[in-house]
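Biologist: Before I rely on the labels attached to a model, I would like to hear the reasoning behind each of them. Could we go through them one at a time?

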Amino acid sequence: MSSHAILILCLAALACQAASTAVTLVVPDIFRGTNLGVHDKVDPTEKIFNVLDHGAKPDGSGDSSIAFIQTWIAACRNHTGRSRVVIPKGTFKTGPVIFAGPCNCSKPIVVQVSGTIKGLNDISLYEEPFWFLFEHVEGLVLTGNGIFDGQGSHSWKNIDGCSSCSPLPASIKFNDVKNGVIRGITSLNSKGVHVFLTNSQNIRVRGVNISAPDTSPNTDGIHISNSNNIKIARVHIGTGDDCIGMIQGSTNVAINNVVCGPGHGISIGSLGKYENENDVRGIIVKKTTFLNTDNGIRIKSWPGSTPSRASAMIFQDLIMQNVRNPIIIDQEYCAGGCNKNQPSRVQISDVHYINIRGTTTSKIGVDFICSSHFPCKNVELRDINLKYIGPSNGGPITSICKNAKVGFGGIQNPPACH
């Protein structure tokens with residue numbers, strides 16, 4: 001382990017206690033019904049903790065990782081009143097940074113980012129797959145008009161096409177965060193996932209911009225696992241992978257007013273890759289636009305999976321513009337190879353597609369490939385109006401419903417499958 005990594009871990013340990021990452025209790029949502037912008041401006045009762053006071057360098061020189069962590073410890077652990085960590089205008093370079101709780105300050109602690117933070121390019125510094133890690137914190141606001149620039153182009157070339165490589169660092173990771181807000185910031189060119197939410201509850205993501213080239217590998221915009229009550233709104237995401245991906249244990253996720261593209265669309269899954277995965281349920285995607293994406297709404301699971309469920313999903317008022325696969329369920333998903341002779345044992349049910357319109361480059365506008373042992377149940381298609389804009393040869397737009405029990409209502413273009 002490098003001396004840099006040892007020093008960071010030692011400092012982070014000062015701010016850590018043993019904490020369970022399992023979400024077992026319902027945590028009251030302190031942000032429900034509130035104006036999330038109330039934390040954009042400094043409150044007179046707050047104490048300001050500026051990273052410059054701890055030695056951070058705003059001219060883009062050196063490594064400001066330790067200064068950032070020391071500022072967090074002062075605000076989170078060593079202060080009992082209201083705290084605001086300020087990363088001012090300027091350019092700061094850091095390696096991995098851990099902002100860990102529990103905190104002794106009043107809730108929520110605010111982290112205001114006005115400058116540009118650039119991730120150091122030496123990938124050996126990142127011994128765990130994160131750049132900025134927020135964990136074991138109850139009451140957290142990450143806000144500002146600043147930029148997290150992962151400088152991922154230096155790393156992508158080493159992992160593109162490598163299915164066995166370790167994941168590259170997520171730019172912003174929330175682990176065991178309860179009552180959190182991410183607002184206004186920009187995530188640019190992450191090495192791996194841009195925003196990773198795991199083992200967390202009551203998280204709001206609003207007014208965030210996420211961007212990476214469409215050729216960048218594994219740069220998911222927002223990745224969610226084992227988390228409950230997540231709300232994402234007014235977000236623009238364009239990456240080389242899923243705009244938003246929800247895997248095992250994602251429950252009560254509401255996505256509204258998102259612009260997705262380029263990228264792979266919005267995905268539930270992949271599911272069933274690992275044993276004993278937690279169920280996915282309560283997913284709502286509304287008023288979202290997909291621009292030049294590979295997929296629109298995709299549910300995907302692996303063949304041969306252990307039993308789990310994905311249920312209670314609503315996809316409503318969606319616009320597809322030049323989308324390859326607008327509506328797709330793929331229970332034979334096999335990235336990197338697998339045995340398709342073993343059917344998926346993920347039970348998909350209660351899925352509703354309502355008022356979805358736009359254009360597609362595929363002759364198959366609705367493509368349901370469900371499990372032969374656990375057919376998709378109670379799937380609804382209502383008011384689907386998709387126009388094919390690809391090459392003229394090959395016949396009209398169609399739909400496929402393999403091992404799926406589907407009900408139809410209203411406009412059906414492509415025609416209903418049977």
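Biologist: Why is Tyr126 called buried?

Modeller: In this predicted model, Tyr126 has a relative accessible area of 9%, and since buried means under 20%, the residue is placed in that class because its value falls under the cut-off. Tyr126 is found in the loop between strand E6 (116–119) and strand E7 (130–143).

Biologist: Which residues is Tyr126 in contact with, leaving aside its neighbours within four places in sequence?

Modeller: With contact taken as heavy atoms within 4.5 Å, Tyr126 touches Thr94, Gly95, Pro96, Gly119, Leu120, Trp131, Pro169 and Lys191. His418, by comparison, is 292 residues from Tyr126 in sequence, and the two C-alpha atoms are 51 Å apart in space.

Biologist: What makes the pair Cys76 and Cys103 a disulfide?

Modeller: The rule asks for cysteine sulfur atoms within 2.5 Å, and the S to S distance for Cys76 and Cys103 is 2.1 Å, so this pair meets the rule. The angle about the S-S bond is -105°, and the link is left-handed. The pair links distant parts of the chain, 27 residues apart, with Cys76 in helix H2 (residues 65–76) and Cys103 in the loop between strand E4 (97–100) and strand E5 (109–113).

Biologist: Why do Cys76 and Cys103 carry their accessibility labels?

Modeller: Cys76 has 0% relative accessibility and therefore counts as buried, whereas Cys103 has a relative accessible area of 23%, and because partly exposed runs between the cut-offs of 20% and 50%, Cys103 is called partly exposed.

Biologist: How do you know that Cys243 and Cys260 form a disulfide?

Modeller: Their sulfur atoms are 2.1 Å apart, and the cut-off is 2.5 Å, so Cys243 and Cys260 are counted as joined. This link is right-handed, with 85° about the S-S bond. Cys243 lies in the loop between strand E15 (227–238) and strand E16 (244–246) and Cys260 in strand E17 (residues 250–260), so the disulfide ties together parts that are 17 residues apart in sequence. Cys243 is buried at 0% relative accessibility, and Cys260 is buried with a relative accessible area of 0%.

Biologist: What of Cys401 and Cys417, and what is the distance between their sulfur atoms?

Modeller: Those sulfur atoms are 1.6 Å apart, and the pair is counted as a disulfide, because the rule requires a separation within 2.5 Å. Cys401 lies in strand E26 (residues 398–402) and Cys417 in the segment after strand E27 (404–413), so parts 16 residues apart in sequence are tied together. Cys401, at 16% relative accessibility, counts as buried, and so does Cys417 at 9%.

Biologist: Why is Cys105 in no disulfide?

Modeller: The nearest cysteine sulfur, that of Cys103, is 4.5 Å away from that of Cys105, and because a disulfide needs sulfur atoms within 2.5 Å, Cys105 is left out of the count. Cys105 is nevertheless buried, at 8% relative accessibility. By this rule the count comes to four disulfides.

Biologist: What makes a space a cavity here, and how many are there of 30 Å³ or more?

Modeller: A cavity is space where a 1.4 Å probe fits but cannot get out, and by this rule there is one of 30 Å³ or more. The largest cavity has a volume of about 30 Å³, and its lining consists of His39, Glu46, Arg82, Ser83, Ser106, Lys107, Pro108 and Val110. By class, that lining has two nonpolar, three polar and three charged residues.

Biologist: What is the volume of the largest pocket, and which residues lie nearest its centre?

Modeller: The largest pocket holds about 1,500 Å³ of space and is lined by 48 residues, of which Asn218, Asp220, His223, Asp241 and Lys273 lie nearest the centre. Strand E20 gives the largest share of this lining, three residues, and by class the lining has 15 nonpolar, 20 polar and 13 charged residues.

Biologist: How confident is the predictor in the chain?

Modeller: The protein chain averages a pLDDT of 92, with 92% of the residues scoring at least 70. Over residues 10–24, however, pLDDT stays under 50, and the model has 32 contacts beyond four places in sequence for them.

Key: Residues are numbered from 1 along each chain as its sequence is written. This is a predicted model: local features need pLDDT of at least 70, side-chain atom pairs count only at pLDDT 80 or more; totals for chains, interfaces and linings use all residues. Side-chain values use heavy atoms; hydrogens and water are left out. Helices (H or I, at least four residues) and strands (E, at least two) are DSSP runs, numbered from the N terminus. Buried means under 20% relative accessible area, exposed over 50%, partly exposed in between (1.4 Å probe, protein chains only). pLDDT is the predictor's confidence in each residue, from 0 to 100. On a 1 Å grid over the protein atoms alone, a cavity is a set of points where a 1.4 Å probe fits but cannot get out, and a pocket is an open set with protein on both sides within 12 Å along at least five of seven lines; lining residues have an atom within 4 Å of a point. Grid points are joined across faces, edges and corners, and a volume is the space filled by probe spheres set on the points. Ala, Val, Leu, Ile, Met, Phe, Trp, Tyr, Cys and Pro count as nonpolar, Asp, Glu, Lys and Arg as charged, and the others, Gly among them, as polar.
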